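The following exercises are to be worked through with the sequence and the coordinates at hand. Each task is followed by a solution in steps.

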Amino acid sequence: MISRWMWGPLFAACSIILCLAVLLLGEFFARQIDLPARASSSAGAVFDMPTWMLQEENTATRFTAAQPHEDELAWMGMFREGDGFRVGMMPNREMSFFDTFNRISERKKPTFFVKTNSIGFRSDEPLGEATVSPVRIAIFGDSSCWGWGVDQDATFGSVVRDKLRARWPDLPFEVLNFAIPGDSSAYGELIAKRFLAEYRPDILILGFGANDAKMVAVPHGEQVARFASSSVTTGIGRWLRVHSVLYASLERVIMQRRRAAPVGSVALKVPAVPLRDFERNMVRMARLGRSVGVKRTVMVSLCSPPTYQAAVQRAAKRVHAGFVNGQKVITDAVQFLHAGSLFSEEMAAMRREFGRSLAQEPLLAVTSDGCHPNQVGHRMVADKVFEEMKPHEAVKRWQLVVR
């Protein structure tokens, strides 16, 4: 016979078991009927938007308003919600991305190769430190630093790595690229806070501005807290999105219905990151790097308007960092490229591949879309970054520490 005081706990246990059974049954049927597809359809979504995009107001609104290219949907699946930051990439993956920004008409379906490491970034695997600590360079930035439109080994970070290893073949150099397409300095600072202290680079490269200057409906600063959260509730929600079809589908329906405004009803009113905040973010990241042992910082401006280029230069002066106006570097070189005095073999190949587009738009010698550097552009930026890094000083410091 069950005593009176046991009825309460027994009733609670039975209620929990019943709730779990209902949830498990719901999860089973959600998988059987492919609930994610049905949820997207019933919510009036244009496509099955990845959860990481739903978390960011401006991206979600933009892609709800326009049907993306089918190949664009494929590479979106390579990205995932970040842990304490906006978005990272699926670890240990390889894929050819479709270049959605390409402006070269002769290229019918341009692709570029992307490979991620074990921590979910488009970068080499971090070297182990069991025997000796490497001479480490870390890059934080946007799609230009990430290398949009060029293969993995053609990004300026990879070119810098190769130049270092060629100059000092016996030293353990590594370049870790933490850049993410679409990131502003506000979002990039979250990644810097997450990884700078863990990897403690000798040299820090910061490349933001293009996405900071974009006009948006919701400033990035207002969304930072959402991505920075590492609470237990946030962690549980992130786990459920990955492992529960039922939870992820219901959350998607709620978020998509909340964004069911007609196309064009959302006005783009303000810069994603105001100029003053942008400069402050760059300074703050440089100082954060210094606090964890960074000896040299280089700030790079690419694909940004003049006001944001100038803000990067001011920030660099404030923290005694190097500065590379990558945009000016590549645009100033266009006349010399077309004259044949620079990269003559590469220019000959471009003329064979897309001579008509190149003649109509000379800037395509350094960029395939008018913004992101192409392979030649990345090599030019790499040369300037290499100079500003002052690698000889880093090598001397490293050798003194090892000895």
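**Exercise 1.** In this predicted model, determine which residues D183 touches, leaving out those up to four places away in sequence, and decide whether D183 is buried or exposed.

*Solution.* Step 1: locate the residue. D183 belongs to the loop between β6 (173–177) and α8 (185–199). Step 2: list its partners. Beyond residues up to four places away in sequence, D183 touches R86, G141, D142, G188, I191, F208 and N211. Step 3: assess burial. The relative accessible area of D183 is 1%, and the cut-off for buried is under 20%, so D183 is buried.

**Exercise 2.** State where C145 is found, and which residues it contacts apart from its neighbours within four places in sequence.

*Solution.* Step 1: C145 is found in helix α6, which spans residues 143–146. Step 2: with neighbours within four places set aside, its contacts are I139, F156, N177, A179 and G207. Step 3: the C-alpha atoms of C145 and F208 lie 8.5 Å apart, with these positions 63 residues apart in sequence. F208 is also one of the residues touched by D183. Step 4: C145 has a relative accessible area of 1% and is therefore buried.

**Exercise 3.** Describe the surroundings of F173: in which strand is its place, and which residues are in contact with it, leaving aside neighbours within four places in sequence?

*Solution.* Step 1: F173 is part of strand β6. Step 2: the contacts of F173, neighbours within four places excluded, are L127, V135, I137, L164, R165, W168 and V395. Step 3: P134 and F173 are separated by 39 residues in sequence, while their C-alpha atoms are 5.6 Å apart. Step 4: F173 shows a relative accessible area of 2%, so this residue is buried.

**Exercise 4.** Characterise the packing of helix α7 and helix α17: at what angle do their axes cross, and which residues make the contact?

*Solution.* Step 1: obtain the geometry. The axes of α7 (residues 156–167) and α17 (residues 375–389) come within 8 Å, and the crossing angle is roughly 55°. Step 2: classify the angle. Because roughly 55° falls outside the ranges for roughly parallel (under 35 degrees) and roughly perpendicular (65 to 115), α7 and α17 are oblique to each other. Step 3: the handedness of this crossing is right-handed. Step 4: on α7 the contact is made by F156, V159, V160, K163 and L164, and on α17 by H378, R379, V381, A382, D383, V385, F386 and M389. Step 5: by class, these residues comprise nine nonpolar, one polar and three charged. Two residues of α7 recur from earlier exercises: F156 is in contact with C145, and L164 is in contact with F173.

**Exercise 5.** Carry out the analysis for helix α12 and helix α13: at what angle do they pack, and how do the residues of the contact divide by class?

*Solution.* Step 1: α12 (residues 275–291) and α13 (residues 306–318) pack at about 35°, and their axes are 9 Å apart. Step 2: the crossing is right-handed. Step 3: α12 contributes L275, F278, E279, M282 and V283, and α13 contributes T307, Y308, A311, V312, R314, A315 and R318. Step 4: the contact holds eight nonpolar residues, one polar and three charged. Step 5: take L275 of α12 in detail. Apart from residues up to four places away in sequence, L275 touches T307, Y308, A311 and R314. The C-alpha atoms of L275 and T307 are 7.8 Å apart, although 32 residues separate them along the chain. With a relative accessible area of 30%, L275 is partly exposed.

**Exercise 6.** For F343 and K390, residues with positive phi that are not glycine, determine where each lies and whether each counts as buried or partly exposed.

*Solution.* Step 1: phi is near 45° for F343 and about 55° for K390. Step 2: F343 is placed in the loop between α15 (334–339) and α16 (344–360), and K390 in the loop between α17 and α18 (391–402). Step 3: F343, at 19% relative accessibility, falls under the 20% cut-off and therefore counts as buried. K390, at 38%, counts as partly exposed.

**Exercise 7.** Place these details within the whole chain: how many helices and strands are there, and what share of the residues counts as buried?

*Solution.* Step 1: the protein chain has 18 helices and eleven strands. Step 2: 49% of its 403 residues count as buried. Step 3: of the contacts between residues at least 6 apart in sequence, 75% join residues at least 24 apart.

Notes
Residues numbered from 1 in each chain as written. Predicted model: local features only at pLDDT ≥ 70, side-chain atom pairs only at ≥ 80, totals over all residues. Heavy atoms only, no water. Helix = DSSP H or I, 4+ residues; strand = E, 2+ residues; numbered from the N terminus. Buried < 20%, exposed > 50% of the residue type's maximum accessible area, 1.4 Å probe, protein only. Contact = heavy atoms within 4.5 Å. Axes fitted to C-alpha atoms, helices over the stretch in contact; angles between N-to-C directions. Parallel < 35°, antiparallel > 145°, perpendicular 65-115°, else oblique. Left-handed = near helix turned anticlockwise from the far one by under 90°. Nonpolar A, V, L, I, M, F, W, Y, C, P; charged D, E, K, R; others polar.
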